[in-house]
Every structure is written in C-alpha cells, then in structure tokens.
Amino acid sequence: MIDEDLIHHVNKSSYRVKVIKTLEDYPKIPKDIAADCGILQNHISNVLTELSNLGLIVCINPEVKKGRVYRLTEDGEEMLSKLV
C-alpha cells in the first residue's frame with residue numbers, strides 16, 4: 001500500500017510523474033525514457049535512481065553498464081493509478 005506522503009512526493013515533480021507514466025506499457029532503457037518524456041538524458045539518471053530507491057521502479061539487468069532496462073514494480077504500478 002502506497003502512503004499519502006509518497007504519492008505527494010512523486011506528484012510534486014513532473015519528471016518523476018513522466019518517468020512512471022512512460023514505463024506503464026513496457027520496460028525501457030534510459031535513452032528511450034528521456035525521449036518519451038521530453039527530458040534531457042542527463043536528468044533521467046537522477047530520477048531513475050530516486051524512483052528506484054523509493055521502490056517504484058527496478059533495473060532488470062543491473063549487471064550491464066550500458067543498456068540497463070527499467071520497469072515498474074508492483075508499488076510503481078499502484079502509484080501509476082494515483083498520479084495526477
């Protein structure tokens with residue numbers, strides 16, 4: 001269950017909201033996430049790290065240096081339904 005503070009925190013940043021929404025359909029690499037969100041790629045890694053630390057997304061191939069793929073966790077999918 002996602003708490004109200006986390007929902008508020010995510011909704012305060014358009015970057016966080018856009019990244020979660022773009023991962024709704026299928027996993028993506030940071031370059032594609034940046035392009036889909038209209039966010040510069042150098043900002044994406046900070047957002048991905050934060051969302052990962054919050055347990056909303058996960059890297060499904062952390063062993064690779066380039067081409068990491070991110071997807072929503074169960075909490076991330078729940079958060080998706082609570083975004084404005």
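**Exercise 1. R16 and its partner**

Classify R16 as buried or exposed, then identify the residue with which R16 forms a salt bridge.

*Solution.* Step 1. The relative accessible area of R16 is 10%. Buried means a value under 20%, so R16 is buried. This value, like those that follow, is computed from a predicted model.

Step 2. The salt-bridge partner of R16 is E50, and the closest N and O atoms of the two side chains are 3.1 Å apart. The cut-off for a salt bridge is 4 Å, and the pair lies within it.

Step 3. E50 belongs to helix α4 (residues 41–53) and R16 to helix α2 (residues 14–22), so the salt bridge ties together parts that are 34 residues apart in sequence.

Step 4. E50 has a relative accessible area of 24% and is partly exposed. The pair therefore joins a buried arginine to a partly exposed glutamate.

**Exercise 2. The surroundings of K28**

State how many salt bridges the structure holds, and describe the contacts of K28 with D36 and with Y26.

*Solution.* Step 1. The structure holds two salt bridges. One of them, E50 with R16, was treated above.

Step 2. K28 forms a salt bridge with D36, with 2.4 Å between the closest N and O atoms. As a general principle, side chains of opposite charge can pair when their charged atoms come close.

Step 3. K28 is buried, at 8% relative accessibility, whereas D36 is partly exposed, at 47%.

Step 4. K28 also lies over the face of Y26, at 5.1 Å from the ring centre. The cut-off for this distance is 6 Å. Pairs between aromatic rings are a separate matter, and the structure holds zero of them.

**Exercise 3. The largest pocket**

Give the volume of the largest pocket, and determine which helix contributes the most residues to its lining.

*Solution.* Step 1. The volume of the largest pocket is about 150 Å³.

Step 2. The lining consists of P30, I44, S45, L48, T49, S52, N53, C59, R68 and Y70.

Step 3. Helix α4 gives the most to this lining, with six residues. Helix α4 spans residues 41–53 and also carries E50 of the salt bridge with R16.

Step 4. Sorted by class, the lining has five nonpolar, four polar and one charged residues.

**Exercise 4. Separation in sequence and in space**

For V10, compare the separation from L83 with the separation from P62, and then find the distance between K18 and I7.

*Solution.* Step 1. V10 is placed in helix α1 (residues 4–11). Its relative accessibility is 0%, so V10 counts as buried.

Step 2. L83 is found in the segment after α5 (74–80). L83 is also buried, with a relative accessible area of 13%.

Step 3. L83 and V10 are 73 residues apart in sequence, with their C-alpha atoms 7.9 Å apart. P62 is 52 residues from V10 in sequence, with 24 Å between the C-alpha atoms.

Step 4. K18 lies in helix α2 and is partly exposed, at 35% relative accessibility. K18 and I7 are eleven residues apart along the chain, and 14 Å separates their C-alpha atoms.

Conventions: Residues are numbered from 1 along each chain as its sequence is written. This is a predicted model: local features need pLDDT of at least 70, side-chain atom pairs count only at pLDDT 80 or more; totals for chains, interfaces and linings use all residues. Side-chain values use heavy atoms; hydrogens and water are left out. Helices (H or I, at least four residues) and strands (E, at least two) are DSSP runs, numbered from the N terminus. Buried means under 20% relative accessible area, exposed over 50%, partly exposed in between (1.4 Å probe, protein chains only). On a 1 Å grid over the protein atoms alone, a cavity is a set of points where a 1.4 Å probe fits but cannot get out, and a pocket is an open set with protein on both sides within 12 Å along at least five of seven lines; lining residues have an atom within 4 Å of a point. Grid points are joined across faces, edges and corners, and a volume is the space filled by probe spheres set on the points. Ala, Val, Leu, Ile, Met, Phe, Trp, Tyr, Cys and Pro count as nonpolar, Asp, Glu, Lys and Arg as charged, and the others, Gly among them, as polar. Rings of Phe, Tyr and Trp (its six-membered ring) pair if their centres lie within 6.5 Å; planes under 30 degrees apart count as stacked, over 60 as edge-to-face and the rest as tilted. A charge sits over a ring if NZ of Lys or CZ of Arg is within 6 Å of the ring centre and within 35 degrees of the ring normal.
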